[in-house]
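Open the model in your viewer and keep the sequence panel beside it. We will go from the whole chain to a few spots worth selecting.

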Amino acid sequence: MEPSKRRLLSGIAAITAGAALIPVAQARSPRHAAPGARPAIGRGDPGKRYGMLIDLRRCVGCQACTVACTIENQPPLGQFRTTVSQYEVSEVAALEAPASLFMLPRLCNHCAEPACLDVCPTGATFQRDDGIVVVNNDWCVACGYCVQACPYDARFINHETHAADKCTFCAHRLEAGLLPACVESCVGEARIIGDLNDPESQISRLLREHEPALKVLKPEAHTQPRVFYLGMDEAFVSKIDGNPALRTLLTDDGKEIAHDH
């Protein structure tokens, strides 16, 4: 394993206090596995199917989820597994028109039919039995096919591990009985995660209660996202008119490191 990968895994281990790590070595996608082969990684509980509901009415755009995810998963500076895009929305296309802010948390949608799986030439990207899509660093060749295939711009090539990276719903925390870092840190309790197969889970009850108002991003992609949004304007579902606020990272002396939406 490359020294940069060892440093990354060591850093995550220190934060998670020995919890199981995602991604880890020797995992294979079931679509690419040899007959009878079993991946070394935990496959998750096949009786569960994790999903997330994001109530945009509660999101204040504080970026606590972004910070918590960064601390928990230690992506390189300037790269993020989740973030909150902020848009100024106006009824009139004029600079002097009153505008309001719209917050849109973004992350991997852990789709039922992930576009990233079939394009992966090595099987590094695979879906666990509980629906969580993960990446095996040791199998990833950083070709970027999955980054291009994802309709949600939820993947990136990690500058340190030189492998595809993305949100994992903090699978290592779920396996330890904890909430994902973004859910635990959300001051407005806008993010709810749970088992979609359990009709009595909080997320299942909320999905039933608010079914007419629920939306997913880019339904025309036919990926069946398992991240649902409540309170989303129809204009943001398939195509966003305008650009999210640009976030620029600077060093102490004012030198630009990276910028992202």
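Two residues are in contact when heavy atoms of theirs lie within 4.5 Å. Among contacts in the chain between residues at least 6 apart in sequence, 61% join residues at least 24 apart.

**The whole chain**

Start by colouring by confidence, since this is a predicted model. The pLDDT averages 81 over the chain, and 72% of the residues score at least 70. Now select residues 3-40, where the pLDDT is below 50. In the model this stretch has 78 contacts beyond near neighbours in sequence. Residues 241-247 also stay under 50, with 20 contacts beyond four places in sequence.

Switch to a cartoon view next. You will find seven helices and 12 strands. Of the 261 residues, 48% count as buried.

**Stop one: strand E1 and its sheet**

Select residues 50-55, which make up strand E1. How many of the residues of E1 are buried? The count is six of six, so the strand is mostly covered. Show the side chains: Tyr-50, Met-52 and Ile-54 point one way, while Gly-51, Leu-53 and Asp-55 point the other. In a regular strand the side chains alternate between the two faces of the sheet.

Now add the partners of E1. Strand E8 (residues 191-195) pairs with E1 in the antiparallel sense over five bridges, whereas E10 pairs with E1 in the parallel sense over four bridges. Leu-53 is a handy residue to centre on: its bridge partner in E8 is Ile-192, and in E10 it stands opposite Phe-228.

Zoom out to take in the open sheet, whose four strands run in the order E8-E1-E10-E9 with mixed pairing. Which strands stand at the edges? They are E8 and E9 (214-215); each has a single partner strand, so one side of each is left without a neighbour in the sheet. Then select residues 202-209 to see helix H7 packing on this sheet. H7 touches E1, E8, E9 and E10, and its direction makes about 110° with that of E8.

**Stop two: an aromatic cluster**

Move on to Tyr-87, Phe-102 and Phe-236, which form one aromatic cluster. There are two aromatic pairs in the model. In the pair of Tyr-87 and Phe-236, the ring centres are 5.4 Å apart and the planes are at 65°, so the pair is edge-to-face; an angle over 60 degrees is what earns that label. This pair links distant parts of the chain, 149 residues apart: Tyr-87 lies in strand E2 (residues 83-89), and Phe-236 in the loop between E10 (227-230) and E11 (247-250). Are these two rings' residues buried or exposed? Tyr-87 is buried at 5% relative accessibility, and Phe-236 is buried as well, at 8%.

With E2 on screen, add strand E3 (residues 100-106). E2 and E3 pair in the antiparallel sense over seven bridges. One place to look is Val-84, which stands opposite Pro-105 in E3. Five of the seven residues of E3 are buried, so this strand is largely enclosed by the rest of the structure.

**Stop three: a buried asparagine**

Follow the chain past E3 to Asn-109, in the loop between E3 and helix H3 (115-119). Asn-109 is buried, with a relative accessible area of 2%. Leaving aside neighbours within four places in sequence, Asn-109 is in contact with Tyr-152, Pro-225, Arg-226 and Val-227.

**Stop four: the nonpolar cores**

Finish with the interior. The largest nonpolar core has 35 residues, and those with the most contacts inside it are Met-52, Leu-107, Phe-169, Tyr-229 and Met-232. E1, E2, E3, helix H5 (171-175), helix H6 (181-185) and E10 each supply at least two residues of this core. Apart from it lies another core, of 10 residues, including Leu-117, Cys-140, Cys-146 and Ala-164. In soluble globular proteins, nonpolar side chains tend to be buried together.

For a last view, centre on Phe-169 and show what surrounds it. Beyond neighbours within four places in sequence, its contacts include Tyr-50, Gly-51 and Met-52, along with Leu-107, Cys-108, His-110 and Ile-132. Leu-174, Pro-180, Ile-193 and Val-227 are in contact with Phe-169 too.

Notes:
Residues numbered from 1 in each chain as written. Predicted model: local features only at pLDDT ≥ 70, side-chain atom pairs only at ≥ 80, totals over all residues. Heavy atoms only, no water. Phe/Tyr/Trp six-rings, centres within 6.5 Å; stacked < 30°, edge-to-face > 60°. Buried < 20%, exposed > 50% of the residue type's maximum accessible area, 1.4 Å probe, protein only. Pairing = 2+ DSSP bridges. Axes fitted to C-alpha atoms, helices over the stretch in contact; angles between N-to-C directions. Core = buried A, V, L, I, M, F, W, Y, C linked by side-chain atoms within 4.5 Å. pLDDT = per-residue confidence, 0-100.
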